[in-house]
Structures are given as C-alpha cells and as structure tokens.
Amino acid sequence: MELPVISNSAPAEGGGCASSGCGTAPDALGHLPDHIRAKVQDHPCYSEEAHHYFARMHVAVAPACNIQCNYCNRKYDCSNESRPGVVSEVLTPKQAINKVLAVAAEIPQMTVLGIAGPGDPLANPARTFETFEELSNRAPDIKLCVSTNGLNLPMYVDRIAQHNIDHVTITINCVDPEVGAKIYPWIFWENKRIFGVEGARILIEQQQLGLQMLTDRGILVKVNSVLIPGINDEHLKEVSKIVKAKGAFLHNVMPLIAEAEHGTYYGIMGQAEPTPEMLQDLQDACAGDMAMMRHCRQCRADAVGLLGEDRGDEFTMDKIDVMEVDYEAAMVRRKVVHDEILEKLDAKRGIVKPKAEESGIPADARPVLMAVAGKNGVVAEHFGHAKEFLIYEASPAGARFMSHRKTELYCGGMDACGDGDVVDAGATESLLDRNIRILEGCEVVLCSKVGYEPWAKLEAAGIAPNGEHAMEPIEEAVMAVYKEIAATGKLSPSAEDRKVA
Amino acid sequence: MALQITESCVNCWACVDVCPNDAIFEDKPHFLIDDGKCTECLGDHSVPQCAAICPIEMAIVDELGEFLNPPGSLTGIPIEKLKEFGLWREAA
C-alpha cells in the first residue's frame, strides 16, 4: 500500500486540451439564453471555456445495466484505458461520498459530480439516488449530473428533479428501431429480455419520452450519440434535428471506439471506427443553430480532475480511507477558487480574437484546417510527442477550434494490456503512420519541432509541417500561417489544388 | 431446484436487483446464488430474472450445468469468432 499522503503532484504529462482557443469566445454555447449559460458556465463537460479551469469527477456506483450496446463489453475493469465504461473499482454509495468529499477538498476546481456507470445509473436507482441525496446535503456547492441510456428515464424524472440534478445526459444513437436493432441486440424490459427491433423500439420510445419530460421540467439535457459508420452516420442528422426540437441544449457526437481487444461485438466483428474527418463533417452537418460539443474526451466512468488529465490514481479507496476531510473549510476555499476562475473567464470573454480583415487576407478566402501540437494555449509540443492534435479552422473570420484528435494508443492489446507500453521499432513506425493518417483533411501541422522522417512523410501526405511558431499563442500562429498561405494566392475559393506546397 | 452463477460472472449487480427472492449475494471472486432461496422465479415471473438481465453469456447455469445464455446468444457474435477470441466454453 502506498503512503496515505494527499498528493499535490501535477497530473501526468500530456492529456488535457492544451489550447486557450478551445476555450475563448465564441464558445459553442454562445447562442444559449443567459439562464442556461449561467447554469453551465462552470461545467467542464458542457462549456468549452470552462473545461480548462474547472474539473469534474465521476463515481462508479452503478455497475448494472439493462440494455446491451454493441460497442460495450461488460467486463469493465481495466486500469490503463481511458474510455467510457471502464473503471478500476466499483464503489458503494458510502465510499463514493467519501471520495467526492476528499476530491472536492483536494481539487477545489472540481464543480461537477457525475454518475455515468459503468452500467446505467437509472438501472441502479437505489445506489445512484442514495449517492445524490447524501451529496446534495453534505456538499451543496457541487453540481450533480447523471448520464443514462434512457430506458428507465421516464420513471425517474421526478426523482431527478427532486434531487436537484439540473443536468442529464441521454445517449441517443437512433430514432429508428431498424437502425437501433443494429446497435442494441437486446434490452431488459418489464421482467423480460427483448431482442432486436422490438427492444430498440421500446428503448427509443422511452428515450424520447424521457427527453421531453426533462425539458418540460426545465432540466438541461445533453444528448450523446456514438457515430457508427455504415450504421447510423447519415441517420444522426435526423437524430440531431429531433433532439434539438425537443429542447436538448447540446449534442455531442462521439466517435465509435471498436478495438478488437476490447472484446465488444463491433470490435470483434471488425466494425470500422469513423475517421476524424468523418466525425468533423458530421458535427458540422448537425451544427446549424444547435450547439455541438467538440471537446469531449470520452472519459472513464471513474475519471477525476480536468478533462483529459485523469487523477484517479491519487484517490483510490485505500488512500481516501485515511484522509481527513474538513468539508466546511473546503467549501470556503472552493468558493474563493471558483470566483477567481469565473472572474478570469469573464475577462477572457472580453478579449477580441485575431481577425483576418486587417491582415490582407481576402474576405472570400477559403478556410484551411490546421493541426496544432499545443499545450497550455501555445504551440508547444514536438510532433512525435503530441498525444493529441488540436484541429483549427483558419478563415477570414479568424481561428476557430474544431476538434481534437487523439494520437495515443491506449491499450497494447489483449495480452499487453496492463503491462506497460513497450514500443518496438515496428510499432513506432506504425504509430507515425497512424498519426499522419489521423491528420487527414489538414493542410498544415504546427508543432514546436518536427523530425526529418515525419517531415518527409507529412509532405508526402500533402500536409505542410511548420515548426516556425514554437511557443507562440495558438490562434496567433494559426492566423500567421493562414496569412502566409494567402500571400501565395492559394486561398482563392476557385482553386482546385487544395494542397499547400 | 436452483440456478448457479459461474466464474464468467463480472460482478455487475444486475441480477441482485431483479431477483424476487433475494437469493443472490455478493461474494469473492463472484456473486453466488443461495440454493435454499432460489425458485428459478417460478410463480413470480415467466423467466428467471437473473438470466433475463445477465449481460454475460455462460454466467448462469441450471442444475444440469446447461447455460441459460449460451455462447453467442446475447451478443450475436458467431461461434467461430468466439472461438477465435478465446470466448467459447462448453457447458460448465
């Protein structure tokens, strides 16, 4: 057992969104009414701005599920993967409460406590609501959230409202039972397992009813959808329209994760994952006046800390058991920290972002996608060290954060899982190729340094490597490069050759 | 007459919550069924509830050792794929 000392160490290197720009205005939530913005301004999962400053945690008190999804494997216990559904330990409500109080005292930036599985929280109503009830009493300054597949949602909407949970996430992958049957093999409903189209039909009905009931009560609803190529890719545009019409305030389209070693139906059957470009195209198609979420990190069901920077290892039960928490004192400290961050955010919202107009870029110049190896808002990483690239669109309107694309291989496979990440020469090579592949659609990659080999490979792939803006703020660097491209005359809208020399 | 849980169980609690007889209890390395309490849901439900919600194939057997959810029955993964990935087992 490790020493029972509360650690203040910095989170592991990498991870986190490293850009100020996936933060600064205009936020994807900019169009929302003030009363909703006020509810989400310090919510890291909902606000692109807030996720750089505020932290969240999930407690894994809800292991049971009442449906099967083809992208899920119910063997959820894996310690070195970061994806929905995996946890290192399932907690009792009492353990969960102790963990929340300890984390909130230790990480005052923590504003949100979510219950998101590894099963379905509403298929575990006793454990889920016991945790919420106790926390709303003992830690009233923490926002409570719940994530659900929606099957049991209508029967628990009133309890959700009663527990002061003002944010709910429903995973809605389809509104057509025929599509649903390809995603959900079965559900457990009214004491029976129901397979195929009939099961999917019931699930969809309950999801839609639950969504309506929540928005009728003024509870904020985010809808998560998993993009599954060839199954629901086109269909998600329809889903987006419908959930928007019913009052969902945010739509989060996430890429399918389907590695064979995860042992899911899709993984074993070789179902393709979407490319980053497919995901972005779909997010753009769904956008309209509906807010699309672009900074989701598909985190673990027991994640702790800032998005992308999991500190779960500091808060295992053996460490928490010996922590002494004075939550009254912690609340005072938390309030001070939160106020300071909100003040800082307000100040940032006033900053005018670099615009192209005064810089000689034609108003009709076509937009260009650029990948940035960034950290803390500046171009800071070597190409080969980047664990994710931030994708920016440069246009005459300025630089806009579009998405992040992960480059990290989280799991070494069924046998290597948990054994550390030994990378041999062959695997290093394929990692480079993979990293170049995920940059598909980008014309430039900005990083602090690029080695000779990746430089040649990037150029061969039609992506211009650029290491000239090391340590500069990302938006400024992106716009500077955009201006350089404009000066070469390659941004005229009719240009057929979209490659940058 | 009682059902049993095998080592395939992943301790997800789903069966505990739906058992009408409180016959299922937490144990290491996996949950167990109390023979004295299990009625296979006769008189309460048309199908045994634990088997109807269990997400794991081969995790619940009857007194003859037959799987209530045989390999491939819940996920739809073909038998040859289950064998290829080491996920196939004969009856307990």
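**Entry 1: two helices in chain A**

I began with helix α2 (residues 93-106) of chain A and helix α3 (residues 125-138) of chain A, which pack at an angle of about 35 degrees with their axes 9 Å apart. A reminder to myself that the model is predicted. I looked up the handedness next, and the crossing of α2(A) and α3(A) is right-handed.

Which residues meet there? From α2(A) I noted P93(A), K94(A), A96(A), I97(A), V100(A) and L101(A). Facing them in α3(A) are R127(A), E130(A), T131(A), E134(A), L135(A) and R138(A). Sorted by character, the residues of this contact of α2(A) with α3(A) come to six nonpolar, one polar and five charged.

**Entry 2: where chain B touches chain A**

Then I turned to the interface. Chain B brings 27 residues to the contact and chain A brings 24 residues. The size of an interface is often given as accessible area lost when the parts come together, so I looked that up too. The area buried between chain B and chain A is about 2000 Å², with 63% of it from carbon and sulfur atoms. Which residues of chain B lose the most area to chain A? They are I53(B), L74(B) and F85(B), and together they account for 23% of what that side buries.

**Entry 3: polar links across the interface**

How many salt bridges does the rule find across the interface of chain B and chain A? I got one. D17(B) and R127(A) are the partners, their side chains meeting at 3.2 Å, N to O. I had already met R127(A) in Entry 1, as one of the α3(A) residues in contact with α2(A). For polar contacts, I counted eight residue pairs between chain B and chain A, both residues being at pLDDT 80 or more.

On the side of chain B that touches chain A, the elements giving two or more residues are α1 (14-18) and α2 (49-53) of chain B. The largest share, four residues, comes from α2(B). By character, the residues on this side of chain B divide into 17 nonpolar, eight polar and two charged.

**Entry 4: salt bridges over all chains**

Last, I widened the search, and the rule gives 14 salt bridges over all chains. I picked out one in chain A, where the side chains of D141(A) and R334(A) meet at 2.6 Å, N to O. This pair links distant parts of the chain, 193 residues apart. D141(A) sits in the loop between α3 and β4 (143-148) of chain A, while R334(A) belongs to helix α11 (residues 327-349) of chain A.

Key:
Residues are numbered from 1 along each chain as its sequence is written. Chains are lettered from A and ligands numbered from 1 in the order in which they are written. This is a predicted model: local features need pLDDT of at least 70, side-chain atom pairs count only at pLDDT 80 or more; totals for chains, interfaces and linings use all residues. Side-chain values use heavy atoms; hydrogens and water are left out. Axes are lines fitted to C-alpha atoms, for helices over the stretch in contact, and angles run from 0 to 180 degrees between N-to-C directions. A crossing is left-handed if the near helix is turned anticlockwise from the far one by less than a right angle, and right-handed if clockwise. Contact means heavy atoms within 4.5 Å. Ala, Val, Leu, Ile, Met, Phe, Trp, Tyr, Cys and Pro count as nonpolar, Asp, Glu, Lys and Arg as charged, and the others, Gly among them, as polar. Buried area is the accessible area (1.4 Å probe) that two parts lose on being put together, summed over both. A salt bridge is a side-chain nitrogen of Lys or Arg within 4 Å of a carboxyl oxygen of Asp or Glu. A polar contact is a pair of N or O atoms within 3.5 Å; within protein, one must be able to donate a hydrogen and the other to accept it, and residues adjacent in sequence count only if both atoms are side-chain atoms.
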